[in-house]
Amino acid sequence: NDAITGRISSAKRNLQNLPKGRVRNMFIPDSGFFTDLDLVQIELRILAYLSQDKEMSYIFSTDGDIHQETADFLGIDRLPAKSVNFAMIYGGSEKTMAEIAKISNPDRARELKRLWFKKYREAGNWIECQEQLGLQNRVVTTLFGRQIRLPDASQENDSAVMRKAVNYPIQGTAAEIFKRVILKCTKAGLLEQMRLQVHDELIFDGRVVIPEGTSTVAPFDTPVRVHYLTRWE
């Protein structure tokens, strides 16, 4: 775990870095079933809570599809809208958004960002405030109070620091929440069946019962999605 945000990470050749698809399908459970647990849109939920964005909070509280809501407002398909949503978590600059959402026209990227800020006003304000605070203080704080230092001017340019000022508290908080979910599962006696962790996902061998409380490890809902699989997907 060498990620500065505290997110569990890996390097070199290992299962965590295998892409989804046929390669993963080679792995089958000893018991006949995998239990797959993953946090549902945790980083966007964190952004909604940190910014107290009314529109985002309403969508999540009513079990809406935030990517489709964004798509409808921006006038684009759901998949690029999903990329735009996540681009905001990773800094929100037009360049970042264009890269993540695979938008070649910079004017189009700027327009989509403007519309996104119009729909999610409080989230947009929070992003802009974080960018400036990051430049001034060179440190950000996660929801649970952990401080993460940002690069100084001799290490990275302002735009890179601004992106990290937005992303680090979100990704750092997501790491803290996920580790709390792991602790819940460990205390419930599931450690021996735990086979793999991939980003915000846990894989158990066997049909396991996920313990209560995994959706309440933060001051806002942290729902988990559970699938039972005959092969890793």
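## Close-up views of a predicted model

**View 1. D158 and its salt-bridge partner.** D158 is partly exposed, at a relative accessible area of 43%. What you're looking at here, as in every view below, is a predicted model. D158 forms a salt bridge with R138, and the closest N and O atoms sit 3.9 Å apart. D158 belongs to helix α8 (residues 158-187) and R138 to the loop between α7 and β2 (139-141), so this pair ties together parts that are 20 residues apart in sequence. On the R138 side, the relative accessibility is 18%, so that residue counts as buried, the cut-off being under 20%.

**View 2. A salt bridge from strand β1 to strand β6.** Here the side chains of D38 and R225 meet, with 3.2 Å from N to O. This one links distant parts of the chain: D38 is in strand β1 and R225 in strand β6, 187 residues apart. The two partners fall into separate burial classes: D38 counts as buried at 14% relative accessibility, whereas R225 counts as partly exposed at 37%.

**View 3. V226 and what it touches.** Still in strand β6 (residues 224-229), this view is about V226. V226 has a relative accessibility of 31%, so it counts as partly exposed. Set aside the neighbours within four places in sequence, and V226 is in contact with T35, D36 and I210. Take D36 from that list: D36 and V226 are 190 residues apart in sequence, yet their C-alpha atoms are 5.5 Å apart in space.

**View 4. F34, a buried residue of β1.** F34 has its place in strand β1. At 7% relative accessibility, F34 counts as buried. Its contacts, leaving out neighbours within four places in sequence, make quite a list: F27, I28, P29, I203, F204, D205, G206, H227, Y228, L229, R231 and W232. To pick one of them, H227 is 193 residues from F34 along the chain, while the C-alpha atoms of the two are separated by 8.0 Å.

**View 5. A nonpolar patch on the surface.** L15, V23, M26 and F27 together make a nonpolar surface patch of about 340 Å². F27 is one of the contacts of F34 from the previous view. You'll find F27 in the segment before β1 (34-39). F27 is partly exposed, its relative accessible area being 32%; that is enough to take part, because patches are made of residues with over 30% relative accessible area and no salt bridge.

**View 6. Helix α6, end to end.** Helix α6 runs over residues 106-119. At 1.5 Å a residue, its 14 residues should span 20 Å, and the end C-alpha atoms are indeed 20 Å apart, so expectation and model agree. At the N-terminal end, N105 acts as a cap: a side-chain oxygen of N105 lies 2.9 Å from the backbone nitrogen of D107. Buried residues of α6 are A109, L112, K113, L115, W116, F117 and K119. They pack against a whole set of helices: α1 (42-51), α2 (54-61), α3 (66-74), α4 (78-89), α5 (94-100) and α7 (121-137). K119 from this buried group is also linked with E55 and E69 in a network of salt bridges.

**View 7. R78 and D65, a salt bridge involving α4.** The side chains of R78 and D65 meet in a salt bridge, 3.0 Å from N to O. R78 is in helix α4 and D65 in the loop between α2 and α3, so parts 13 residues apart in sequence are tied together by this pair. R78 has 34% relative accessibility and counts as partly exposed. D65, at 30%, counts as partly exposed too. For the overall tally, the count of salt bridges comes to 11.

**View 8. A87, elsewhere in α4.** A87 is found in helix α4 as well. A87 is buried, with a relative accessible area of 0%. Who does A87 contact, leaving aside neighbours within four places in sequence? The contacts are G92, T96, M97 and I100. For a sense of distance, A87 and S51 are 36 residues apart along the chain, and their C-alpha atoms are separated by 16 Å.

Key
Residues are numbered from 1 along each chain as its sequence is written. This is a predicted model: local features need pLDDT of at least 70, side-chain atom pairs count only at pLDDT 80 or more; totals for chains, interfaces and linings use all residues. Side-chain values use heavy atoms; hydrogens and water are left out. Patches are made of residues with over 30% relative accessible area and no salt bridge: like charges are joined within 9 Å, nonpolar side chains (Val, Leu, Ile, Met, Phe, Trp, Tyr) within 5 Å. Accessible areas come from the Shrake-Rupley method with a 1.4 Å probe; for residues, only the protein chains shown count as cover. A salt bridge is a side-chain nitrogen of Lys or Arg within 4 Å of a carboxyl oxygen of Asp or Glu. Helices (H or I, at least four residues) and strands (E, at least two) are DSSP runs, numbered from the N terminus. Buried means under 20% relative accessible area, exposed over 50%, partly exposed in between (1.4 Å probe, protein chains only). The expected span of a helix is 1.5 Å times one less than its number of residues. Contact means heavy atoms within 4.5 Å. A polar contact is a pair of N or O atoms within 3.5 Å; within protein, one must be able to donate a hydrogen and the other to accept it, and residues adjacent in sequence count only if both atoms are side-chain atoms.
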